[in-house]
Amino acid sequence: MRTVIGLMSGTSMDGIDAALLRTDGIDTAEPGAFITIPYSDGFRAELRSCLGGQGPIPDVERALTEAHARAVKALLADAGLRAADVDLIGFHGHTILHAPEQRRTWQIGDGALLARLTGIPVVADFRTADVASGGQGAPLAPLYHRGLAAGLAKPLAVLNIGGVANVTWIGADGELIACDTGPGNALVDDWMLARTGRRYDDRGAFARTGSIDAVALTALLDHPYFERPAPKSLDRDAFDPAPVAGLSAEDGAATLTAFTAFSVERVLEHLPAPPVRWLVTGGGRHNATLMEMLADRLRVPVEPVEAVGWNGDALEAQAFAYLAVRSRLDLPLSEPGTTGAPRPVTGGRFNPVA
Ligand SMILES: Nc1ncnc2c1ncn2[C@@H]1O[C@H](COP(=O)(O)OP(=O)(O)OP(=O)(O)O)[C@@H](O)[C@H]1O
Ligand SMILES: CC(=O)N[C@H]1[C@@H]2OC[C@@H](O2)[C@@H](O)[C@@H]1O[C@H](C)C(=O)O
């Protein structure tokens, strides 16, 4: 068993999730302390300027890494631990470009610098090896989801609604199918910021006051991505919200929220059997309007992961702690069913404390 810190800077660009986990990287995972350190509006704008692989990347990468070092220190203080008590950090970094069909994926974040700043060895660059092998490089949380879900009724779906949404389908014998389903919160967040000045739609209260525009929703769903079989993955800005441009702020929020829910429903056609239950993790589970739309479309129980005792704010950060240990043990981080890699693939780059 190792004591590990997982660090995730997700596509929502809301901040850094930092989670402690005691794990063997196989079938044991005991969650510990968890914190989120929000980005300032200024830094969020800098990060946004790097999306697509452009902008002042070296400066932003250094600032991002320093922010992660501060998050590690804050987590240690919270947990009453010292750096010497932690064996390893799993550092996801921030995705600024994801184009697996061109065999490119890019997470900024300097693992060697983070190891130096924290005094703790770091595994970083989790997605490159999978993409190099021909896989999608995402999602990578599915093996962790499967580990946690032992003992729960199957087939089970774990749905992560971050900036982008991704699902892990777990069959009766532990077989996995995973993919990004479509947009998560990113389109709604961008819409809220542009139209109301708020960063997100708190509990979905704003979308609830609007009406879904059927024409715009049909246009949004008319995208070849939804026909493609799993595994498949997305860049943050893969969908063009142009169909909602002429709508009122409320109707646009309602329609984009529905777009997320309907695109999750579209994944059913690519699964071997319908899940008996959907467990929802990530910030989107706080959006009550979205959760109701999902229950409506999926017609089986749709519940936050807290229903089975998991922490939906910490889960994806924990996953990168778990994957960091797997990387050190040379175990796979992905399987053909999760990323489309031709065989189970390990990954991650190790940065010892110099
Ligand atoms: N109270 C809330 N009501 C509605 N939405 C919320 C609430 N809290 C968080 N969210 C949504 O969740 C988002 C953050 O989710 P999360 O932290 O899972 O994203 P992420 O880490 O960027 O994810 P990923 O890497 O999986 O894309 C916010 O941008 C917001 O849209
Ligand atoms: C390329 C990339 O960073 N993908 C993220 C993103 O955020 C959600 C979705 O798109 C998922 O594919 C992935 O993150 C999760 C945590 C994963 O790899 O499992």
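What follows is a conversation about how the elements of this predicted model were assigned.

Colleague: What makes you treat the chain as having confident coordinates throughout?

Modeller: The mean pLDDT of the chain is 97, and 100% of its residues reach 70 or more, which is the level that local features need in this predicted model. Among the elements, helix 1 (residues 41-48) has the lowest mean pLDDT, 96, and strand 4 has the highest, 99. For the complex, the predictor gives an ipTM of 0.98 and a pTM of 0.97.

Colleague: Which domains does the assignment give, and how many residues does each bring to their contact?

Modeller: The domain assignment gives domain 1 as 2-135 + 345-351 and domain 2 as 142-308, with C-alpha centres that lie 24 Å apart. Nine residues from domain 1 and 13 residues from domain 2 take part in the contact, where the test is that C-beta atoms placed from the backbone lie within 7 Å. On the side of domain 1 that touches domain 2, there are four nonpolar, four polar and one charged residues.

Colleague: Why is ligand 2 said to lie between the domains?

Modeller: Domain 1 and domain 2 both give residues to the shell around ligand 2, and therefore the ligand lies between them. Of the 16 residues around ligand 2, those that come nearest are T95, A138, P139, A141 and V164, and the elements giving two or more residues to this shell are strand 5 (94-99) and strand 9 (164-170). By class, the shell around ligand 2 has five nonpolar, nine polar and two charged residues.

Colleague: What does the shell around ligand 1 draw from each domain?

Modeller: At least three residues of the shell around ligand 1 come from each of domain 1 and domain 2. Ligand 1 is surrounded by 24 residues, the closest being G10, S12, G162, N185 and G283, and the shell divides into three nonpolar, 14 polar and seven charged residues.

Colleague: How do you know which strands are the edges of the six-stranded sheet?

Modeller: The order of this open sheet is 3-2-1-4-7-13, with mixed pairing, and strand 3 (29-38) and strand 13 (349-351) are its edge strands, since each pairs on one side only. From one strand to the next the twist averages 20°.

Colleague: What makes strand 1 and strand 2 a pair?

Modeller: Pairing requires at least two bridges, and eight bridges join strand 1 (residues 2-9) to strand 2 (residues 15-23), so these antiparallel strands satisfy the criterion. As one example, V4 has L21 in strand 2 as its bridge partner. Helix 2 (residues 57-79) packs on the sheet, touching strand 1, strand 2, strand 3 and strand 4 (88-91), and its direction makes about 125° with that of strand 3. Helix 11 (residues 315-328) lies across strands that include strand 7 (122-124) and strand 13, and runs at about 125° to strand 1.

Colleague: How do you know that strand 9 and strand 10 pair in the five-stranded sheet?

Modeller: Seven bridges join strand 9 to strand 10, and with at least two needed for pairing, these antiparallel strands therefore count as a pair. In strand 10, I177 is the bridge partner of W169. The open sheet itself has the order 10-9-8-11-12, with mixed pairing, and its edges are strand 10 (176-183) and strand 12 (302-304).

Colleague: Which helices lie against these strands, and at what angles?

Modeller: Helix 5 (residues 142-149) lies across strand 8 (156-161), strand 9 and strand 10, at about 50° to strand 9. Helix 9 (residues 249-265) touches strand 8, strand 9 and strand 10 as it packs on the sheet, and its direction makes about 155° with that of strand 10.

Note on methods: Residues numbered from 1 in each chain as written. Chains lettered and ligands numbered in written order. Predicted model: local features only at pLDDT ≥ 70, side-chain atom pairs only at ≥ 80, totals over all residues. Domains from an automatic or database assignment. Contact = placed C-beta atoms within 7 Å. Nonpolar A, V, L, I, M, F, W, Y, C, P; charged D, E, K, R; others polar. Near = placed C-beta within 6 Å. Helix = DSSP H or I, 4+ residues; strand = E, 2+ residues; numbered from the N terminus. Axes fitted to C-alpha atoms, helices over the stretch in contact; angles between N-to-C directions. pLDDT = per-residue confidence, 0-100.
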